[in-house]
Amino acid sequence: MKNLSENIKKMKLSGIRKVNEKASKLEKSGKRIFHFELGRPDFDTPDFIKEACITALQKGDVYYTSNYGHKELRNIISNKLQKENNLIYDADEILVTTGVSEAVWDVLCTILDPQDEILIPNPGWINYWNISSWLQAKPVYYTLKEEDNYQIQINELERFITPKTKALVLINPHNPTGSIISKETMEKLTLLVQKYDLFVLSDEIYEQIVYDNKPVESIASMPEMKERTFVLNGFSKAYSMTGWRIGYVAAPASYIKEINKVHQHNTTCASSFIQDASIDALKHGKEAIAQMVKEYQRRRDFVVKEINSISHIHCFLPQGAFYTFINIKETGYSSQYIADALLEKEGVATVPGNVFGPAGEGYIRLSFAASQNELQEGIRHMKDFFENLKKEGLHHEISNY
Ligand code: PLP
């Protein structure tokens with residue numbers, strides 16, 4: 001029997017999915033589980049989007065579309081980018097993909113050669129690291145620190161740049177910390193990537209989920225940045241359409257043509273009738289998004305207040321996305337220990353921070369894209385858990401739970 005690829009053996013499974021599988025197993029065995037692990041909005045997809053999808057199916061839009069996606073959808077994405085993000089992209093500068101996940105894959109395949117270096121946030125959504133490694137490029141972490149409000153420190157970032165550095169990944173708003181890149185940092189980043197002639201992957205999937213009217217700027221809107229930026233965005237989070245699998249990449253047309261080669265051999269095109277529904281989402285979705293964001297903001301305020309009232313743990317106030325990144329360092333336990341013990345003892349599923357990179361050690365990620373009732377009860381269990389830890393005495397050794 002031949003062996004499978006050596007490369008695939010090295011590729012890691014998503015640590016987030018691992019927690020979810022373990023939580024679901026416990027749930028099937030009858031344990032009550034509070035699902036705070038997945039980045040999945042708990043809202044249903046708005047009805048008008050579902051109806052648009054059904055209409056498209058009934059009308060017979062069931063065939064392959066252009067590899068690039070329906071022209072009408074690309075036109076409407078172009079309008080959205082101009083109106084909401086101050087970005088000028090024509091339809092031929094947009095490629096519709098099967099979720100941002102596919103867009104990430106396609107863009108990384110398009111820009112990276114083996115040994116190329118790519119700067120990735122630590123902590124950060126892990127696909128960037130795993131796919132770059134798969135492509136035999138060299139992912140290099142730059143650290144985001146709580147004491148800096150998770151703002152990128154330009155001097156530190158610059159130290160990681162070598163002649164082999166090809167690209168910088170920005171996740172804005174950021175998963176897992178909920179931070180938003182400040183205008184000042186964005187301006188400095190612009191100068192830095194121009195100085196070193198880098199590409200930028202700007203992951204803006206949480207761009208519409210922001211609190212206290214905090215503006216999110218796309219680095220592509222800064223002077224002379226369009227030519228070096230790949231804007232990645234999609235429908236999963238803002239419209240609660242994670243299962244529909246639809247996203248897009250915006251970049252200069254000459255790059256889009258190359259990205260399309262990967263996309264063509266990968267998925268051919270995004271599903272036709274889902275593209276139709278996405279047109280309606282963009283046309284009529286503003287109110288639905290506003291309602292969801294209002295609810296997330298209420299939950300965020302509740303969760304942050306409650307977490308910060310528990311001894312030995314605290315969290316940063318997220319400005320966007322729907323995660324709280326909880327500092328558990330004072331407990332003396334590892335992220336893995338706390339996440340495992342919370343799940344097994346109290347049924348509270350969170351993600352150990354180290355899943356997002358080494359700088360995530362000492363943190364757990366809690367997604368507040370869950371109902372208020374679940375959050376209330378789940379956090380009560382967390383309080384009991386940390387209260388008991390306190391009674392048992394804090395261990396200052398990292399445990400191998
Ligand atoms: N980018 C970031 C930063 C994410 O957190 C996620 C999902 O959690 C994705 C991309 C993937 O999005 P999609 O569902 O569009 O593939």
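This briefing describes the sheet, the helices around it, and the pockets and cavities of one structure. The model is a predicted one. Its central topic is an open sheet of seven strands with mixed pairing. The largest pocket has a volume of about 760 Å³, and three cavities of 30 Å³ or more are also present.

**The sheet**

- The seven strands follow the order β2-β8-β7-β6-β5-β3-β4 in an open sheet, and their pairing is mixed.
- Strands β2 (94-97) and β4 (138-143) occupy the edges; each has a single partner strand, so one side of each is left without a neighbour in the sheet.
- From one strand to the next, the twist averages 20°.
- Strands β5 (residues 165-171) and β6 (residues 199-203) run parallel and are joined by five bridges.
- Within this pairing, A167 has F199 of β6 as its bridge partner.
- Helix α9 (residues 253-266) packs on the sheet, where it touches β2, β6, β7 (229-234) and β8 (247-250).
- The direction of α9 makes about 20° with that of β2.
- In general terms, the strands of a sheet pair through backbone hydrogen bonds, either parallel or antiparallel.

**Helix α6 and its surroundings**

- Helix α6 spans residues 127-134, and its residues Y128, N130, I131 and S132 are buried.
- The cover over these buried residues of α6 includes the helix α5 (99-111) and the strands β3 (117-122), β4, β5, β6 and β7.
- After α6 comes Q136, which has a positive phi near 65°.
- Helix α6 also contributes at least two residues to the lining of the largest pocket, and it gives two or more to the lining of the second largest pocket.

**Largest pocket**

- The pocket of about 760 Å³ has a lining of 29 residues, of which R17, S101, W125, N127 and K237 lie nearest its centre.
- Helices α2 (15-28), α5 and α6 each supply at least two of the lining residues.
- The largest share of this lining comes from α5, with four residues.
- By class, the lining has 13 nonpolar, nine polar and seven charged residues.

**Second largest pocket**

- The second largest pocket has a volume of about 390 Å³.
- Its lining comprises 21 residues, and those nearest the centre are K12, L13, G15, N354 and V355.
- The elements giving two or more residues to this lining are α2, α6 and α12 (335-346).
- Eleven nonpolar, six polar and four charged residues make up the lining of the second largest pocket.

**Cavities**

- The largest of the three cavities of 30 Å³ or more has a volume of about 80 Å³.
- Among the 13 residues that line the largest cavity, L144, Y150, I171, S179 and I181 lie nearest its centre.
- The lining of the largest cavity divides into nine nonpolar and four polar residues, with no charged residue.
- The second largest cavity holds about 40 Å³ of space.
- Its lining is formed by K80, E207, Q208, N233, G234, F235, Y239, Y248 and L282.
- In the second largest cavity, the lining has four nonpolar, three polar and two charged residues.

Conventions. Residues are numbered from 1 along each chain as its sequence is written. This is a predicted model: local features need pLDDT of at least 70, side-chain atom pairs count only at pLDDT 80 or more; totals for chains, interfaces and linings use all residues. Side-chain values use heavy atoms; hydrogens and water are left out. On a 1 Å grid over the protein atoms alone, a cavity is a set of points where a 1.4 Å probe fits but cannot get out, and a pocket is an open set with protein on both sides within 12 Å along at least five of seven lines; lining residues have an atom within 4 Å of a point. Grid points are joined across faces, edges and corners, and a volume is the space filled by probe spheres set on the points. Ala, Val, Leu, Ile, Met, Phe, Trp, Tyr, Cys and Pro count as nonpolar, Asp, Glu, Lys and Arg as charged, and the others, Gly among them, as polar. Two strands pair if DSSP finds at least two bridges between them. Axes are lines fitted to C-alpha atoms, for helices over the stretch in contact, and angles run from 0 to 180 degrees between N-to-C directions. Contact means heavy atoms within 4.5 Å. Buried means under 20% relative accessible area, exposed over 50%, partly exposed in between (1.4 Å probe, protein chains only).
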